[in-house]
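Could you walk me through this model in my viewer, one selection at a time? I would like to know what to pick next and what I will find there.

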Amino acid sequence: MFRTKRSGLVRRLWRSRAPVEGDGEADRGTHGTGGCCMGKATKVAKSNAGSEAELKALTHSILKKIKEKQLEVLLQAVESKGGARSPCLLLPSKVDAKVGQQSYSLPMLLYKVFRWPDLRHSSELKRLSCCESYGKINPELVCCNPHHMSRLCELGELDYSHILIFTAKLLKLYSPDSGPSSSNTGGTTYSAPVGLSDSLALQESGERAHWCVVAYWEEKTRVGRLYSVQEPSLDIFYDLPQGNGFCLGQLCSNNKSQLVQMVRAKIGYGIQLTREPDGVWVYNRSCYPIFIKSATLDNPDSRTLLVHKVFPGFSIKAFDYDKAGTLQRPNDHEFTQQPRTGFTVQISFVKGWGQCYTRQFISSCPCWLEVIFNTR
């Protein structure tokens, strides 16, 4: 029987759909625990044969109406799991599809089929800044590329019990006047980077001003130089098919620890760090959770900084400039004595730390990042 190229593309796309629970390879991004590790604790029940057949028929019917070039774009994005750069897939936003008693817009249906089977509402999503539809309100054509979207992290109610001293220490540690130093953060001593002096030198030489610098650490040792960031978006990765940014795989590391090597190999597509109008967002592009600590993620009146767990495919606003300003309270000597160039976010790949984990300090984590913001 003669089969068209379009039919072949549709079949390949259906085989590449996101697995649901019970398939044996459910997306790690849809599961997690609550408590102090922030993520989305949802479970997706494997659909029955009837609804699966209905979804398959509907998906095939819609995909066969899409142009071949657009199907190829969708297939490239889906099969590479977002690793390959793929253009926007602009389709009508008004088209609705019905599965059982549920009606979905065309973008929502494609997001459910190819990324998040448990997706319930568009309010759970955040469009990535690389997308043509980013920032547009109700366009006639909207990008339906599933890998131009991310899921939003949900922050829950937390228990605050300790004193907020970590950020104040970092502000002092990264003061341009402090120079190289050694800092004791929570019981473990390690050599600190030279603060912002490396990146401030770029401005003095006439280079475009950076908005942050990134340091990569393996346990207590910093690997490589500080990476100064001028572009609005930065990919930080170990192995990305079309990577352009901060490649951790190219850094020379002498760490022979099996755990460090194992975690390093799991970094994969890594994260995307993006400066947007409302703050700095982190998108987890890897296949494993990342863990983030930031002063602006917690309540300004809190007495501790908690570690937030971000699952694959999820985004979190890791730094908020407005909230950062409120941390410099008039009665807070530590904050008022330090310049506003030292606000830091810490990100650990795969392994968490803090009160929910056996590792109490980030310097015990195998592979981690410091993102130091220039808020001047």
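Start by selecting β13 and β14, which pair in the antiparallel sense over six bridges. The model is a predicted one, so treat each stop as a feature of that prediction. The two strands form a hairpin, with two residues between them. To see how the pairing is laid out, show Ile271 and look across to β14, where its bridge partner is Asn284. Then show Gln272, whose bridge partner in β14 is Tyr283.

**The other side of β14**

Keep β14 on screen and add β17, residues 314-319. These two strands run antiparallel and are joined by four bridges. A good pair to label here is Val280 and Phe319: the latter, in β17, is the bridge partner of the former.

Is β14 enclosed or open to the outside? Six of its six residues are buried, so β14 is largely enclosed by the rest of the structure. Buried here means under 20% relative accessible area.

**The whole sheet**

Now widen the selection to the sheet around these strands. It is an open sheet of seven strands, and its order is β4-β6-β17-β14-β13-β11-β12. The pairing within this sheet is mixed. Colour β4 (125-127) and β12 (245-247) to mark the edges, since each of them pairs on one side only. If you turn the sheet and look along it, you are viewing a twist that averages 30° from one strand to the next.

**A cavity beside the hairpin**

Which residues line the largest cavity? Select Lys126, Leu128, Gln272, Thr274, Glu276, Trp281, Val282, Tyr283 and Ser315. β13 (271-276) and β14 (279-284) each supply at least two residues of this lining, and you have already met Gln272 and Tyr283 as bridge partners. Colour the lining by type and you will find four nonpolar, three polar and two charged residues. The volume of this cavity is about 50 Å³. The structure holds three cavities of 30 Å³ or more.

**Two loop residues with positive phi**

Leave the sheet for a moment and look at backbone angles. Most residues other than glycine have a negative phi, so positive values are worth a stop.

Select Glu219, in the loop between β9 (212-218) and β10 (221-229). Its phi is near 55°, a positive value in a residue other than glycine. Glu219 counts as partly exposed because its relative accessibility is 28%, and partly exposed covers the range between under 20% and over 50%.

Next, go to Val350, which sits in the loop between β18 (344-349) and β19 (368-373). Val350 is not a glycine either, yet it has a positive phi of about 70°. Is Val350 buried or exposed? Val350 counts as buried, because its relative accessibility is 15%.

**Last stop: cysteines**

How many disulfides does the structure hold? The count is zero. A disulfide is a covalent bond between the sulfur atoms of two cysteines. Finish by selecting two cysteines, Cys153 and Cys212, and showing the surface. Cys153 is buried, with a relative accessible area of 15%. Cys212 also counts as buried, at 0% relative accessibility.

Conventions
Residues numbered from 1 in each chain as written. Predicted model: local features only at pLDDT ≥ 70, side-chain atom pairs only at ≥ 80, totals over all residues. Heavy atoms only, no water. 1 Å grid on protein atoms, 1.4 Å probe; cavity = no way out; pocket = protein on both sides within 12 Å on 5 of 7 lines; lining within 4 Å. Points joined across faces, edges and corners; volume = space filled by probe spheres on them. Nonpolar A, V, L, I, M, F, W, Y, C, P; charged D, E, K, R; others polar. Pairing = 2+ DSSP bridges. Axes fitted to C-alpha atoms, helices over the stretch in contact; angles between N-to-C directions. Disulfide = S-S within 2.5 Å. Buried < 20%, exposed > 50% of the residue type's maximum accessible area, 1.4 Å probe, protein only.
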